[in-house]
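Here are my notes on the model you sent over. I've kept them as numbered points so you can pick through them with the structure open.

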Amino acid sequence: MRSQNTEQNTELLYHFVDRLLEVVSVRPEGWPNVDVSTYGQMMNVLRQRVEALCDFFERKEGTRKEERVVVRLLSECALNLVEITWRQSPDYFTASPEFLKLCTERPEPLLEYDQLYCTPDSTERRVNQILQEIDREEGRVLFMGDDDLGSVALASHFAGEIHVFEFDDRILSHIHDKAPQVQCRHVDLVLGGIPKEMKETFDAIVLDPPWDEYHAWCFLHKALYCMKQSPHARIYLSFCPINTEYLEQKAQPFFRRFSTVGLTFEAISPSFHLYPLANTEFRDLLFQHLTPTESPLLHVLRDLPFGFSNLYKLRRTEHFRRNPITRWFSQWWHSQ
Ligand SMILES: C[S@@+](CC[C@H](N)C(=O)[O-])C[C@H]1O[C@@H](n2cnc3c(N)ncnc32)[C@H](O)[C@@H]1O
């Protein structure tokens, strides 16, 4: 695992938010222990300043689309970090020593595999959700891609079956070393198919798919294929809405698609997972698009320490009948 531990992450977060609030001169006395109206007022001013910055890049002659996208992304992430710092106590960002130990010697994330690890406390939060809702004696849980090591975090609390489908053999071997009871299988979730015996057999499917629509749906169709036909089965989807909501105005078709395949949103937990950006290939990729600009606010945003994703909890829509032809085709396409 990257050497950053939980305390370093928390410190980075609080320090970044302090600098951001100071640069726009809105940091209230006693922050983050301020009441709701002080917080609301502060956020209004901050949002206006951030919008003004994004607007500047929208209008600036000769700005490339990639640069506008990066400025928007940094801004929206920063607003989420401020919100979460106010809403949560520092304990929220603390992982257990047991799980931190299991993360040591984890292979480095690779951008070519779309990997960007979330913080260990984010993984544990996700696992706690599963433990609250899925029978720990009889339940069957599937992780579709597991660089965040959710299967390892779950294993010591769960007597049911845990499976991982993943195409990075380094991750599979790390999981096997740390939690041999987890059933690992090399599967390509974009180009490959799911073994037929796994059809509709899981109570919980956990996934943090790539954040572009096409690849996200390759994962999601397979999750649906694996999900039991039961009102209690759940999909735990980690997804960052920035791409769909703010950049491409694709939110409506993206979210409508869930209802067309018979999935309902049961709950959405905002900013549930944080992803450290320091020294990642992902950060380098983003920053290559930024040109030098005289803006104290952008100067601070450049040090954004974390990206975020929401947790979307999904279940099958009751009494839903999918068109039998599209259902048959989807199942054929996504199975082996
Ligand atoms: C898609 S990545 C995303 C992770 C990261 N938290 C993020 O949000 O950018 C999650 C996991 O899926 C795995 N993965 C990516 N593409 C895959 C594919 N085509 N087949 C199987 N696993 C894949 C990665 O190795 C990783 O473990």
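1. In which loop does Ser89 lie? Ser89 lies in the loop between H3 and helix H4 (97-103). Keep in mind throughout that this is a predicted model. With a relative accessibility of 40%, Ser89 counts as partly exposed. If you look across from there you'll find Asn33: the two C-alpha atoms are separated by 9.5 Å, although the residues are 56 apart along the chain.

2. Next, the ligand. There are 21 residues around the ligand, and the closest are Gln115, Leu116, Glu166, Leu189 and Asp208. Some polar pairs are worth a click. Glu166 puts a polar side-chain atom 2.6 Å from a ligand oxygen. Asp188 has a side-chain N or O atom 3.0 Å from a nitrogen of the ligand. Phe167 comes in through its backbone instead, with an N or O atom 3.4 Å from a ligand nitrogen. As for cover, the ligand has 570 Å² of accessible area on its own, and the protein covers 96% of that.

3. Now the salt bridges. How many does a search of the whole structure find? The count is 22. As a reminder of the chemistry, side chains of opposite charge can pair when their charged atoms come close. I picked out a few pairs below.

4. The pair within a helix is Glu76 with Arg72, a salt bridge at 2.6 Å from N to O. Why are these two about one helical turn apart? Because they sit 4 residues apart in helix H3 (residues 65-87), about one helical turn separates them. Are they buried or exposed? Glu76 is buried, and Arg72 is buried as well.

5. Asp148 and Arg126 make another salt bridge, with 3.2 Å between the closest N and O atoms. Asp148 is in the loop between strand S1 (140-144) and helix H6 (150-155), while Arg126 is in helix H5 (residues 120-133), so this pair ties together parts that are 22 residues apart in sequence. Both Asp148 and Arg126 are buried.

6. Then there is Glu200 with Arg327, whose side chains meet in a salt bridge at 3.4 Å, N to O. Glu200 belongs to the loop between strand S3 (183-186) and strand S4 (204-207), and Arg327 to helix H13, so the bridge ties together parts 127 residues apart in sequence. Glu200 has a relative accessible area of 23%, which means that this residue is partly exposed. Arg327, at 33%, is partly exposed too. Elsewhere on the list, Glu133, Arg234, Glu266, Lys313 and Arg315 are joined into one network by salt bridges that share partners.

7. Stay with helix H13 (residues 324-334) for a moment, where Trp328 is found. Is Trp328 buried or exposed? Its relative accessible area is 55%, so Trp328 is exposed. Trp328 also joins Phe329, Trp332 and Trp333 in a nonpolar surface patch, and together these four have about 540 Å² of accessible area. Do have a look at this patch in a surface view.

8. Back in helix H5, take a look at Arg125. Arg125 counts as buried, because its relative accessibility is 10% and the cut-off for buried is under 20%. Which residues does Arg125 touch, not counting those up to four places away in sequence? They are Tyr92, Phe272 and His273. With Phe272 there is a polar pair as well: a polar atom in the Arg125 side chain lies 2.9 Å from the backbone oxygen of Phe272.

9. Two smaller spots to finish. Ser295 is placed in the loop between helix H11 (281-287) and helix H12 (296-301). At 14% relative accessibility, Ser295 counts as buried, and its side chain reaches the backbone nitrogen of Leu298 at 3.0 Å.

10. Thr244 is in helix H9 (residues 242-247). With a relative accessibility of 2%, Thr244 counts as buried. Its C-alpha atom is separated from that of Asp212 by 8.2 Å, and the two residues are 32 apart along the chain.

How values were computed:
Residues numbered from 1 in each chain as written. Predicted model: local features only at pLDDT ≥ 70, side-chain atom pairs only at ≥ 80, totals over all residues. Heavy atoms only, no water. Patch = residues over 30% accessible without salt bridge, like charges linked within 9 Å, V, L, I, M, F, W, Y side chains within 5 Å. Areas by Shrake-Rupley, 256 points an atom, 1.4 Å probe, with all protein chains shown as cover. Buried < 20%, exposed > 50% of the residue type's maximum accessible area, 1.4 Å probe, protein only. Near = heavy atom within 4 Å. Polar contact = N/O pair within 3.5 Å; in protein donor to acceptor, adjacent residues only side chain to side chain. Contact = heavy atoms within 4.5 Å.
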